[in-house]
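Biologist: Please explain the terms used for this structure, and the criteria behind them.

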Amino acid sequence: MMTIQKLDKQRGEEVRQYHQTLTKPQGSLGRLEELAVQLAEITGQVFPAVTPPGVIVFAADHGCTSEGVSAYPKEVTAQMVTNFLSGGAAINVLSRSIGAALKIVDIGVAADIDGIELSTRKIKRGTNNFCVEDAMTREEAIEALNIGREETEMMIRHDAIKCLITGEMGIGNTTSSSAIMAVLSGKPIETITGPGTGIDTEKIKHKQQVIKKAIRLRSPDPDDPIDVLAKIGGLEIGGMAGAMLAAAAHRIPILVDGFISTVAATLAERISPGAADYMIIGHLSTEPGHDLVIQMLGKMPLLDLGMRLGEGSGAALAFPLLEAATNILSGMATFDSAGVTNKE
Ligand SMILES: O=C(O)c1ccc[n+]([C@@H]2O[C@H](COP(=O)([O-])O)[C@@H](O)[C@H]2O)c1
Ligand SMILES: Cc1cc2nc[nH]c2cc1C
């Protein structure tokens, strides 16, 4: 789909060496040092910049909500988009606190939403119920990826963003994400499926049955990520995967949010191997499948705050750590410049 270059290991090595000249015991900044190396490898810069960050929230509805899999009614998706547009959601607050440009994309909400601030890119009014038919056609899945890519490229051009944070809003999307993960990982549905917005144990069992039925009836090809996205995925999940592919192609670091976002990240990596090199996992969500999907990507989350909101919120909270990692590089004195004695 898009060419993703290899990481710039040379720049990473330069940063690793430079870190040893800064006024601190070697390695004492722990994962912040690793983060600086990864950011150098991603951007190809010894002093990488991550500001300003850009947050894109993709919103869409899910046909599987008619199976009773969420704690909240499906109308909440559209209502929350209106809330994003008025500035009152958690991601509005967190975007403001990190100085991020925020874009909301309606890629498939099942209601008409007005708002000049809204990017209306509706592919359809929510996915089909994947217990009955494919969630979307292959063409629609590709369109979702393309919209994600286009919206990201617009943000790179207009807002000159230096870090991409992807978020989502979609009642029912933990069911779709759990189904995708079960197919991609081959792991038992019971180890992946969780409460989402907050259903009880009985309802989680029902959600697992719904997912099993969908996978049996749709039988997506685990080796074809676009087939998986089309048959059991979501429009916002496709949008996020496309956004991540665009950021990786532009050598822009991607700060990934919770369970749904990380499932989209896994699809992006399956579509274009190497994309995950450009990703950093912001936080560990309490949704049980998140740990597994992070491990499959070979990553470790930065924060563990017991959150399970989505919208990009956990990633936005982790952003100051990226900023700190780059500020340390450009702002700290060296042993030489400060006249501090280095170890023998
Ligand atoms: O990011 C997460 O890890 C996360 C975990 C659980 C729920 N969510 C959010 O809750 C919604 C999906 O939950 P559900 O129960 O309707 O499938 C969707 O709007 C997500 O943004 C998000
Ligand atoms: C209110 C509400 C806000 C959300 N934000 C992301 N997912 C959400 C789900 C609900 C129910």
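Modeller: In this chain, 53% of the 344 residues are buried.

Biologist: What makes a residue buried?

Modeller: A residue is buried if 20 or more other C-beta atoms, placed from the backbone, lie within 10 Å of its own; it is exposed if 12 or fewer do, and partly exposed in between. The model is predicted: local features need pLDDT of at least 70 and side-chain atom pairs pLDDT 80 or more, whereas totals for chains, interfaces and linings use all residues. Residues are numbered from 1 along each chain as its sequence is written, with chains lettered from A and ligands numbered from 1 in the order in which they are written.

Biologist: Why does the radius of gyration agree with a compact globule?

Modeller: The rule, 2.2 Å times the number of residues to the power 0.38, is applied to C-alpha atoms. For 344 residues a compact globule would have a radius near 20 Å, and the chain has 20 Å, so the two agree.

Biologist: In which sense do β1 and β4 pair, and over how many bridges?

Modeller: Two strands pair if DSSP finds at least two bridges between them. Strands are DSSP runs of E, at least two residues, and helices runs of H or I, at least four, numbered from the N terminus. β1 (residues 53–60) and β4 (residues 163–169) share 7 bridges in the parallel sense, so the criterion is met. One bridge joins F58 to E168 in β4.

Biologist: What is the strand order of the sheet?

Modeller: The open, parallel sheet runs β3-β2-β1-β4-β5-β6. β3 (118–120) and β6 (279–281) are the edge strands, as each pairs on one side only.
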